[in-house]
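Trainee: Please take one stretch of this chain and look at it closely for me, and then follow the trail from there into the rest of the fold. I would like the cut-offs spelled out along the way.

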Amino acid sequence: TEDLDRNEEELAAGIEIAQAGNADLFVVGNENLLRRDITEQQLLDYIARAKEAIPHGLPVTFVDAYFLFEQHPAVVDACDVISVNCYPFWERCPADYSLLYMKEMYRRSVRAANGKKVIISETGWPTSGTAFGAAVPSYENALEYFINTYTWAEEDDIDIFYFAAFDEAWKTGSEGDVGAYWGLWDTKGNL
């Protein structure tokens, strides 16, 4: 975040968890370059500090929009693993072409990663809300996107974290009325 004191608290808490042996992957930030919360140099400093403090061999990553890794090769170099957020919906892609579009996002990320492992750290499709260009939120589109995504992930052995488990009613604002409807389950726990 822009709150540097909070960043210090979160970095210290993450280091404590990693030092206790309770982490398989150390994530230093999420979408900070996209939001322009911090500079690239600040991010590189956080990554370096994390690597110095955590157990040797624990991989360090940073999460951001896939295209930003093409623009920030120093961040790629600093990370052990590349974690990319891929949302065809936010790029106005029609649902019928969303898997092809995400595959291209992934290919671009793999090229930028220079041989490092790439994880799709976030992807999803909203079930409700206003269309974003040709991207239309609906239950049917979200279901098809989920099935297509995980079929591809299994076929090509790609690690993917689907976003999100539950709808988040509070998450509107910058994401508009679709922000609250990305869950596999609604706020009452219904699939």
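Mentor: Arginine 36 sits in the loop between helix 2 (32-35) and helix 3 (40-53), where helices (H or I, at least four residues) and strands (E, at least two) are DSSP runs numbered from the N terminus. This is a predicted model, in which local features need pLDDT of at least 70 and side-chain atom pairs count only at pLDDT 80 or more, while totals for chains, interfaces and linings use all residues. Residues are numbered from 1 along each chain as its sequence is written, and side-chain values use heavy atoms, with hydrogens and water left out.

The phi of arginine 36 is positive, near 60°, in a residue other than glycine. Arginine 36 counts as exposed because its relative accessibility is 71%; buried means under 20% relative accessible area, exposed over 50%, and partly exposed in between, with a 1.4 Å probe and protein chains only. On either side of arginine 36 in the numbering, arginine 35 and aspartate 37 join their side chains in a salt bridge of 2.6 Å, N to O, a salt bridge being a side-chain nitrogen of Lys or Arg within 4 Å of a carboxyl oxygen of Asp or Glu. Of these two partners, arginine 35 is partly exposed, with a relative accessible area of 42%, whereas aspartate 37 is buried at 14%.

That pair belongs to a structure that holds nine salt bridges. Helix 3, on the far side of the loop, takes part in another of them, since the side chains of glutamate 8 and arginine 49 meet at 2.6 Å, N to O. Glutamate 8 lies in helix 1 (residues 4-19) and arginine 49 in helix 3, so this pair ties together parts that are 41 residues apart in sequence. Both ends count as partly exposed, glutamate 8 at 33% relative accessibility and arginine 49 at 36%.

From the surface we can turn to the interior. In soluble globular proteins, nonpolar side chains tend to be buried together. Here the largest nonpolar core has 48 residues, and those with the most contacts inside it are Phe26 and Ile120; such a core is a set of buried Ala, Val, Leu, Ile, Met, Phe, Trp, Tyr and Cys residues joined through side-chain atoms within 4.5 Å. Leaving aside residues up to four places away in sequence, phenylalanine 26 touches Leu11, Gly14, Ile15, Ala18, Ala50, Ile54, Leu58, Pro59, Val60 and Thr61, where a contact means heavy atoms within 4.5 Å.

Further along the chain, arginine 92 offers a second positive phi in a residue other than glycine, near 65°. Arginine 92 lies in the loop between strand 3 and helix 6, and counts as partly exposed because its relative accessibility is 47%.

That loop leads to helix 6, whose geometry can be checked. At 1.5 Å a residue, the 16 residues of helix 6 (residues 98-113) should span 22 Å, and the end C-alpha atoms are 22 Å apart, which agrees; the expected span is 1.5 Å times one less than the number of residues. The buried residues of helix 6 are Ser98, Met102, Met105, Tyr106, Ser109, Ala112 and Ala113. They cover an arc of only 120° around the axis, which puts them on the same side of helix 6, the arc being that of the directions from the helix axis to the C-beta atoms. This buried set packs against helix 4 (68-71), helix 5 (73-78), strand 3 (82-85), strand 4 (118-123) and helix 7 (139-156), whereas the face turned away from the buried side carries the exposed residues Leu100 and Arg111.

Charged side chains appear on helix 6 as well: arginine 107 and glutamate 104 form a salt bridge of 3.3 Å, N to O. Because these two are three residues apart in helix 6, they are separated by about one helical turn. Arginine 107 is partly exposed at 41% relative accessibility, as is glutamate 104 at 33%. Glu104 and Arg107 are further linked with Arg111 in a network of salt bridges. After helix 6 comes asparagine 114, whose phi is positive, near 50°.

One last backbone detail concerns the segment after strand 5 (160-162), which is the place of alanine 164: a cis peptide bond joins phenylalanine 163 to alanine 164, with omega about 10°.
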